Amino acid sequence: MVFGEMITGGHYIEVLQLGKQMAVGRAQCPSYWSLHKSFVSETGFFGAFYRGFLPWGMLQCLKGLPVLFVQNESMYQLRKRAKLSEHTSERISGFFGGAAQALVVCPTQKIKVMVVASPYLNSLPPLQAIHEVVRANGVGSLYDGFIPMMLRRSLDWGIRFTVSAEVKNYMMNQRRATNKDDRLALHELIICGMVGGAFSALTHPIDNIITNAQKPMPNGTSRDLISVVQRMIQESGGNAFTRGFAMRLVDNAYHMGWMYGVGTVAYEYLRRILRE
């Protein structure tokens, strides 16, 4: 599901968003069209569309696995051991899934941010790009921004699953009220996911902190949470926390439409096959 979302525009949406987030200054930052033209001028349309995708973005196609595994397992354990309801378990489990995802995604996101920001790193083979980043900043730099990422991912996925589940329950109740089958069609599940994804964009200010902790900066620059926030306010004021919000709204809705819609249908299909 994630791979389909990424190769059909999801990855490039994030590339444009990262370009906005890394802008410095209180004046208006570059438009999405200006960023697009800049990326295309460097590597052509195809190179721009998949900038940082191979292998960093492609590896992140696996980011849904820890979310789905931990979310489903924790939901099962919460229902079985804590005796929580299905709805409550689904909401809480989203937070666990997001925290697990941060542990897996942080290193690849760090490299991807550096590659998007630097034409030089973008031109290097993957292993050499890693070598350059580690040589310049140390192995620990691969986990720059980990704390805000863990916070953001847990809140983000908690909101996504909570809101998507609420919208799904509302739509199912509406169908029951009219004596219809309460099973939702694919397009209805996609809508549920898109609404949940859109609401999760409320975590965007934390995402901007992550990007500013991971972007290229002079050696010795402090990248801890407090220092990054102070520097963002100093350099760009309140704009530093909202840049790229429009693209984040689109990105989250598009991504969650695939995850909650196509993912749910695929999961149910596989479960039926395994039962047979």
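**Two pockets and a long-helix check**

The lining of the largest pocket breaks down into 21 nonpolar, eight polar and 10 charged residues. Keep in mind that this is a predicted model. The second largest pocket has its own set of lining residues, and the five closest to its centre are Tyr50, Gly52, Phe53, Leu54 and Asn122, out of 15 in total.

**Largest pocket**

- The space inside comes to about 1300 Å³.
- There are 39 residues around it, and if you want to find the middle, look for Lys168, Thr264, Val265, Tyr267 and Glu268, which sit nearest the centre.
- Five helices chip in at least two lining residues each: H1 (2-21), H4 (64-80), H5 (86-117), H8 (146-177) and H12 (245-275).
- H12 is the top contributor here, with 12 residues in the lining.

**Second largest pocket**

- This one holds about 200 Å³ of space.
- Helices H2 (32-49), H3 (53-59), H6 (119-123) and H7 (126-137) each put at least two residues into the lining.
- By residue type, the lining splits into 10 nonpolar, four polar and one charged.

**Helix H8**

- H8 is one of the helices that line the largest pocket.
- Its length checks out: 32 residues at 1.5 Å a residue should span 46 Å, and the C-alpha atoms at the two ends of H8 are 46 Å apart, so the two values agree.
- After H8 comes Asn179, which has a positive phi, near 60°.

Terms used:
Residues numbered from 1 in each chain as written. Predicted model: local features only at pLDDT ≥ 70, side-chain atom pairs only at ≥ 80, totals over all residues. Heavy atoms only, no water. 1 Å grid on protein atoms, 1.4 Å probe; cavity = no way out; pocket = protein on both sides within 12 Å on 5 of 7 lines; lining within 4 Å. Points joined across faces, edges and corners; volume = space filled by probe spheres on them. Helix = DSSP H or I, 4+ residues; strand = E, 2+ residues; numbered from the N terminus. Nonpolar A, V, L, I, M, F, W, Y, C, P; charged D, E, K, R; others polar. Expected span 1.5 Å × (residues − 1).
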